[in-house]
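Take a walk through this protein chain, from its overall layout to single loop residues. Keep the sequence and the model in view as you read.

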Amino acid sequence: MQYCELYIVLMKKSSEIRNTFVDYFKKQGHTAVSSSSLIPENDPTLLFTNAGMNQFKNAFLGLDKRDYSRAVSVQKCVRAGGKHNDLDNVGFTARHHTFFEMLGNFSFGDYFKKDAIHFAWELLTKEYQIPKEKLYVTVFETDDEAADIWHKQESIPKDRIFRLGEKDNFWRMGDVGPCGPCTEIFFDHGAQYGKETDLY
């Protein structure tokens, strides 16, 4: 199982970003699923919906069988506290907010790292037309497979692939439940915002 969520900051209308994302993944065989409520149904572990994958938790845990194996959604989220919610970053970065929409594509036993990485790269470089030379990727420090896919499949030079630890490249929503190593894509805003080594 795999899910991939992209955080995109572009000089475009949010409706364009949203529509391009959904349309791209629909073309890749994903079923468009509506945003769930900000107050999760039948989930006593959450006060608010804080991630795009919340409504798919039971599908990832094998407790819920969907009539589709690929999904795309635009999920309304609130992050107002709790562990693993990035709350300490709100107000300090351009990509952390208390209320936002999370664009996500999800696979339930269909595809995994190779396709998820390819979809993310193609979406950014072809659909959004972001120059490849402005993008860097990070992987979990021991995830040789993801690093290999980025380098061999998508031709990312090794010096643009950074290995980070659990704090930055291991995703979890809580102490238990779906979790695992993740990979992220970063846009280089220029030398005035720091050096490449600042990713370490």
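The paragraphs below go from the whole chain to its cores, its helix packing and its loops.

This is a predicted model. The chain has 200 residues, and 41% of them are buried. Its secondary structure amounts to five helices and nine strands. In sequence order, these elements follow the pattern β-α-β-α-β-β-α-β-α-β-α-β-β-β. Contacts often span long stretches of sequence. Of those with a separation of 6 or more, 69% join residues 24 or more positions apart. The accessible surface is about 11,700 Å². Carbon and sulfur atoms hold 51% of that surface.

Turn now to the interior. The largest nonpolar core contains 28 residues. Within this core, the residues with the most contacts are Phe21, Phe25, Tyr128, Trp150, Ile161 and Ile185. Five elements each supply two or more residues: α1 (14-27), β3 (70-78), α3 (113-127), β5 (135-140) and α4 (144-153). Which of them gives the largest share? It is α3, with seven residues.

Ile185 shows how such a core residue is surrounded. Beyond its neighbours within four places in sequence, Ile185 contacts Ala120, Trp121 and Leu124. It also contacts Leu135, Tyr136 and Val137, and Trp150 completes the set. A second core is separate from the largest one and has 15 residues. Met53, Cys77, Phe106 and Cys182 are among them.

Next comes the helix packing. Two packed helices are described by the angle between their axes and the distance between the axes. Start with α1 and α3. Their axes come within 11 Å and cross at roughly 130°. An angle over 145 degrees would count as roughly antiparallel, and 65 to 115 as roughly perpendicular. The pair falls in neither range, so α1 and α3 are oblique to each other. Their crossing is right-handed. On the α1 side, the contact uses Thr20, Phe21, Tyr24, Phe25 and Lys27. On the α3 side, it uses His118, Phe119, Glu122, Leu123 and Glu127. Phe21 and Phe25 are thus in this contact as well as in the list of residues with the most contacts inside the largest core.

Helix α3 also packs with α4. Here the axes are 10 Å apart, at an angle of about 50°. That angle makes α3 oblique to α4. This crossing, too, is right-handed. From α3, the residues involved are Lys113, Lys114, Ile117, His118 and Trp121. They meet Glu145, Ala146, Ile149, Trp150 and Gln153 of α4. His118 appears here and in the contact with α1. Trp121 and Trp150 take part in this packing, and both also touch Ile185.

The loops come last. Begin after α4, in the loop that leads to β6 (161-164). Is Arg160, which lies in this loop, buried or exposed? Residues under 20% relative accessible area count as buried. Arg160 has 17% relative accessibility, so it is buried. Outside the residues up to four places away in sequence, Arg160 touches Lys132, Glu133, Lys134, Leu135, Tyr136 and Val137. Arg160 and Val137 are 23 residues apart along the chain, yet their C-alpha atoms are separated by 6.4 Å. Leu135, Tyr136 and Val137 also contact Ile185.

Ser155 sits in the loop between α4 and β6 as well. It is exposed, at 58% relative accessibility. Its phi is positive, near 60°, although Ser155 is a residue other than glycine.

Thr142 lies in the loop between β5 and α4. With 58% relative accessibility, Thr142 counts as exposed. Its C-alpha atom is separated by 7.7 Å from that of Arg163, 21 residues apart along the chain.

Finally, look at the loop between β2 (31-33) and α2 (57-60). Both Glu41 and Asn42 are found there. Glu41 is exposed, with a relative accessible area of 65%. The C-alpha atoms of Glu41 and Gln55 are separated by 8.6 Å, and the two residues are 14 apart along the chain. Asn42 is exposed too, at 79% relative accessibility. Asn42 is not a glycine, but its phi is positive, about 55°.

Note on methods. Residues numbered from 1 in each chain as written. Predicted model: local features only at pLDDT ≥ 70, side-chain atom pairs only at ≥ 80, totals over all residues. Heavy atoms only, no water. Core = buried A, V, L, I, M, F, W, Y, C linked by side-chain atoms within 4.5 Å. Buried < 20%, exposed > 50% of the residue type's maximum accessible area, 1.4 Å probe, protein only. Helix = DSSP H or I, 4+ residues; strand = E, 2+ residues; numbered from the N terminus. Contact = heavy atoms within 4.5 Å. Areas by Shrake-Rupley, 256 points an atom, 1.4 Å probe, with all protein chains shown as cover. Axes fitted to C-alpha atoms, helices over the stretch in contact; angles between N-to-C directions. Parallel < 35°, antiparallel > 145°, perpendicular 65-115°, else oblique. Left-handed = near helix turned anticlockwise from the far one by under 90°.
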